[in-house]
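Visitor: Please show me the model. I have a few questions about its packing.

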Amino acid sequence: IEAQGVPATAITVKPNFLMPDPGYSTERPPSAPFVFVGRATPEKGLTWLLTAYAAYRAKCEEVLEVRKLLIVGSDNSDTAGTNIPEGVEFIGHQPATNVIEILKNAVCALVPSLWEEPFGRVVVESYSVGTPVIVSRIGGLPELVHEGFTGFIVDPGDTKSLALSMERIAHKESWLPMSKAARNIYTNQYS
């Protein structure tokens, strides 16, 4: 725009936003699940997520209450022939209002994309209800997450790092400050 002669002082960038405000609560059920929202296609990283979830379960089931993983989306083409770990529930396509309610009751939203995701709307939806996120370090996703503050960023395909991040975010001591920070980012930048 500046190259076309518009002065920089006359330019304002307004990021994507979410309306209406869905509200915020720090209350979550003790067994609040992890949530993946999106198409279950190869570029969205669901096969990698299922592998990481199995690693998380194997490490945590003797020590912690293991959380379920809800898969919200309409296409499951990426899971054909994949061993689905115990604790994974596919709930299919949901209307936007249901997705917000699902995120409102989640411990964390998982965005394991393997492609150059330009903008992760599910990150903003999660922040709107105070749900921290774990995203891939690819495309525009890392720009949305404040590492260790509103969630975690992992290298695409790094199963160990994704499983460890899931374990870390599942603890109330980690989760509560991240939840508050996520909500704060939403109210200051995306509402």
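Guide: First, a term: contact means heavy atoms within 4.5 Å. Note also that this is a predicted model.

Visitor: Which residues in α3 do V99, I100 and L103 in α2 meet?
Guide: Helix α2 covers residues 96-104 and helix α3 covers residues 121-128. The α2 side of the contact is V99, I100 and L103. Their partners in α3 are V122, E125, S126 and S128.

Visitor: Is α2 roughly parallel or oblique to α3?
Guide: The two helices pack with their axes 9 Å apart, at an angle of about 60°. Angles under 35 degrees would count as roughly parallel, and 65 to 115 as roughly perpendicular. The angle fits neither class, so α2 is oblique to α3.

Visitor: Is the crossing of α2 and α3 left-handed or right-handed?
Guide: Handedness depends on which way the near helix is turned from the far one. Clockwise counts as right-handed. For α2 passing α3, the crossing is right-handed.

Visitor: Which element gives the most to the largest nonpolar core?
Guide: That core has 29 residues, with F34, Y56, L69, I134 and M166 making the most contacts inside it. Elements supplying at least two residues each include β1, α1, β2 and α6. With eight residues, the top contributor is α1.

Visitor: How many residues does the second, separate core have?
Guide: Its members include I100, V111, V123 and V129. The count is 25 residues.

Visitor: What length does helix α1 reach from its first C-alpha to its last?
Guide: Helix α1 runs over residues 46-60, 15 residues in total. At 1.5 Å a residue, 21 Å is expected. The model comes close to that, at 20 Å.

Technical notes
Residues are numbered from 1 along each chain as its sequence is written. This is a predicted model: local features need pLDDT of at least 70, side-chain atom pairs count only at pLDDT 80 or more; totals for chains, interfaces and linings use all residues. Side-chain values use heavy atoms; hydrogens and water are left out. Helices (H or I, at least four residues) and strands (E, at least two) are DSSP runs, numbered from the N terminus. The expected span of a helix is 1.5 Å times one less than its number of residues. A nonpolar core is a set of buried Ala, Val, Leu, Ile, Met, Phe, Trp, Tyr and Cys residues joined through side-chain atoms within 4.5 Å. Buried means under 20% relative accessible area, exposed over 50%, partly exposed in between (1.4 Å probe, protein chains only). Axes are lines fitted to C-alpha atoms, for helices over the stretch in contact, and angles run from 0 to 180 degrees between N-to-C directions. Angles under 35 degrees count as roughly parallel, over 145 as roughly antiparallel, 65 to 115 as roughly perpendicular and the rest as oblique.
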